[in-house]
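Please open the structure in your viewer and keep the sequence panel beside it, since each stop on this tour asks you to select residues by number.

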Amino acid sequence: MTTVATRRSDRRISPVFVGIVAVMGVTGWAAWTGFAEQPGVAVFFFVTAAWVVSLCLHEYAHARTALHSGDISIGAKGYLTLNPLKYTHALLSIVLPLLFVIMGGIGLPGGAVFIERGRIQGRWKHSLISAAGPLTNVLFAVVCTAPFWLHALDGVPPAFRYALAFLALLQVTAAILNSLPVPGLDGYGVIEPWLSYGVRRQVEPFAPFGLLAVFGLLWIPEVNQEFFHLIDAVLGGLGIDGRDTDCGQWLYRFWESNSDICLRSS
């Protein structure tokens, strides 16, 4: 009886996650209705909360896939509760991705759920575990962009529309960046099981620095420009133009003087 109760508690959704979802819902409502005196404040908290929710779902996808692939230790670690405080490195999983969003409007992935790979047999299972996270970002991006490519924006308030566009940008950037075959990112995790033992041993020391290396490259103007040309092309194919994402980012940065320029001109 005790074992069953423990298993249920391992899978029970954390109040911390429920609280984040509640913040997302309330601030999303405020952005939709114009309830907030400063629309940018509502957009900031809505996008931030939604981004954290997507990070939690990203890590949950890794953990859930690992559980079904053979790592039965996942539940005891608390990863199935969607509680971001349970991650191995809260700094990498939550704090740094939030800083990247605030500083540059880039959805850099975080992530640190410790998976006992020795419990898992089969290269395809290892690859699928790594791919599960970015696929979650792709799904989140599809949801955010649905009103645009379905042409269902009639009646959607501008502030909420811009917030969705900016949130979609974050999800697309996270999905693309995290799919890069760079050590430490999920893209490398997908191909790693198929590499020789010698190659894996040579690459392993660089894994902790992969995310920071990607972030550093994006500070190079030429690289940044080409990367966002790609993002704009993807978003454009989903019905979101550059003005929507720009306005979303301006609103998100509500502390700047021109943050509501799009609302004043609409």
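The tour below goes from the cysteines to a patch on the surface.

This is a predicted model, in which local features need pLDDT of at least 70 and side-chain atom pairs count only at pLDDT 80 or more, while totals for chains, interfaces and linings use all residues. Residues are numbered from 1 along each chain as its sequence is written, and side-chain values use heavy atoms, with hydrogens and water left out.

**The disulfide.** Select Cys247 and Cys262, which are joined by a disulfide with an S to S distance of 1.8 Å (the term stands for a pair of cysteine sulfur atoms within 2.5 Å). The angle about the S-S bond is -80°, which makes this link left-handed. Cys247 lies in helix H11 (residues 242-252) and Cys262 in helix H12 (residues 261-265), so the pair ties together parts that are 15 residues apart in sequence; helices here are DSSP runs of H or I with at least four residues, numbered from the N terminus. Both cysteines are buried, meaning under 20% relative accessible area, whereas exposed means over 50% and partly exposed lies in between (1.4 Å probe, protein chains only).

**Two other cysteines.** Now select Cys56, whose sulfur is 15 Å from the closest cysteine sulfur, in Cys144, and therefore too far for a bond. Cys56 counts as buried because its relative accessibility is 0%, and Cys144 counts as buried at 3%.

**A last stop.** Finally, select Trp149, which lies in helix H5 (residues 123-149) and is partly exposed, with a relative accessible area of 36%.

Note on methods:
Helices (H or I, at least four residues) and strands (E, at least two) are DSSP runs, numbered from the N terminus.
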